[in-house]
Amino acid sequence: MTVTFRVFKKASSNNKVTVYLGRREFVDHVTGSDPVDGVLNIDREFLNDKKVLVQLVCSFRYGKEDEETMGMNFKKELTLCEEQLFPPTTSSQPTRLQEKLISKLGKNAFPFHLEFPVHSPTSVTLHPAVEDAGEPCGVEYFVRGMMVDDSGESKRTCVNMAIRKIQYAPTRPGRQPSTTVRKDFMFSPGELELEGTLDRQLYHHGDDVKVSFVVRNNSNKTVKKINVSVVQHVDIAMFTGGHHTARITQMETTEGCPLGPGSSLQKEVILSPTSKAHIRAGVALDGRMKGDDSSLASSTLLADENNKDIFGLVVSYSVRVKLLLGAIGGDLKAELPFVLMHPKPNMRKIIKADTLAGSFNCCQDDHSEETLYSKDMEMT
């Protein structure tokens, strides 16, 4: 049996340092994350007395690039993990993929092993406005390989390969979301009651959200309009008060309205939260690689929501049902939180690169970005 898979490659501008990775998506399992294993190939003639380092870097942009004036910088880079490859300081058992890459590239190739911290965020970007220029706000990850002089000069031979940290949906969904809210009125007897329910708690990207709600009007007010929407909540964990909400999709209806005193209404609405619709600026999207389709950012799963070491962007979703009573009566709102994520892929159909052996065939994909190696293997 012949199996073909890809190895990603990216070189520095002078081709003195090259990074090789077997994959560019790494899964966050809440309690831990997949390690980043790869190989760094260097030019020995250019090395001299330089040190060779490889780093796992998290880039967090929290402001527009075109507004950076007077020395202000709205971007923070955090070095999450670092390993010195030359001169070597530690040694670890290479994976099978690393062994095959080293045998192919020769003695100038060095394997590396990097780990994500426990509370590192997932890759998320905020959708920019049409007039915005520069990098979008959000969280990105890079594997950085570089040569450094002993003097610590900033001029270094360096290469950055973008990677992505993702989460998949849990196998067991939570309880079915349901809530009941009531509102009474000053100088008016009775109360207005709204009961809302979702068909389930866990949705995958592309699924429709079915919302059922019942309105019981035991007051002397009149419900004039009903609004149902899917709302995305983004919390910036590094700043106090850094909270942002964006409406993904909504439906406004007057069917069954006006709902007068003593009346009741039962209704079901289907909403489709997707990035294919008109997305306003500031909506959080999944961090994507070059050429990938964008989708709404997945809900962030946290092991401990009260932990103070969390940083980055925390994304959540809810369905908001609002009863509009007019300028004097105000409104009544009910929130139904749910989880929106990608399903976990079938691992039986995914053949991991580091469990196979064979020979390499190189094919150029994009000279300015990454080179893809296709690897054909014969299984007996």
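1. Start with Thr 179 in this predicted model: its bridge partner is Gly 196, which sits in β12. That pair belongs to a longer run, since strand β11 and strand β12 (residues 188-198) line up in the antiparallel sense over eight bridges. If pairing is new to you, strands of a sheet pair through backbone hydrogen bonds, either parallel or antiparallel.

2. Now zoom out to the sheet. It's an open one with four strands, in the order β11-β12-β14-β17, and the pairing is antiparallel. β11 and β17 (264-271) are the edge strands, so each of them pairs on one side only. On average, neighbouring strands here are turned by 15° against each other, ignoring direction.

3. Is Asp 184 buried or exposed? Asp 184 lies in β11 (residues 178-185). It has a relative accessible area of 58%, and because exposed means over 50%, Asp 184 counts as exposed. Leaving out residues up to four places away in sequence, Asp 184 touches Gly 190 and Glu 191. Have a look at Ser 219 too: it is 35 residues from Asp 184 in sequence, yet their C-alpha atoms are 7.7 Å apart.

4. Strand β9 (residues 138-148) is another story to check: it's mostly covered, with 10 of its 11 residues buried. Which strands does it run antiparallel to? One is β5 (residues 51-61), joined to β9 by 11 bridges, with Leu 53 opposite Met 146. Another is β10 (residues 157-166), paired with β9 over seven bridges; there, Val 143 stands opposite Met 161.

5. Don't skip the short strand entry: β8 (residues 124-126) is joined to β9 by two bridges, also antiparallel. Val 124 has Val 139 in β9 as its bridge partner.

Terms used:
Residues numbered from 1 in each chain as written. Predicted model: local features only at pLDDT ≥ 70, side-chain atom pairs only at ≥ 80, totals over all residues. Heavy atoms only, no water. Buried < 20%, exposed > 50% of the residue type's maximum accessible area, 1.4 Å probe, protein only. Contact = heavy atoms within 4.5 Å. Pairing = 2+ DSSP bridges. Axes fitted to C-alpha atoms, helices over the stretch in contact; angles between N-to-C directions.
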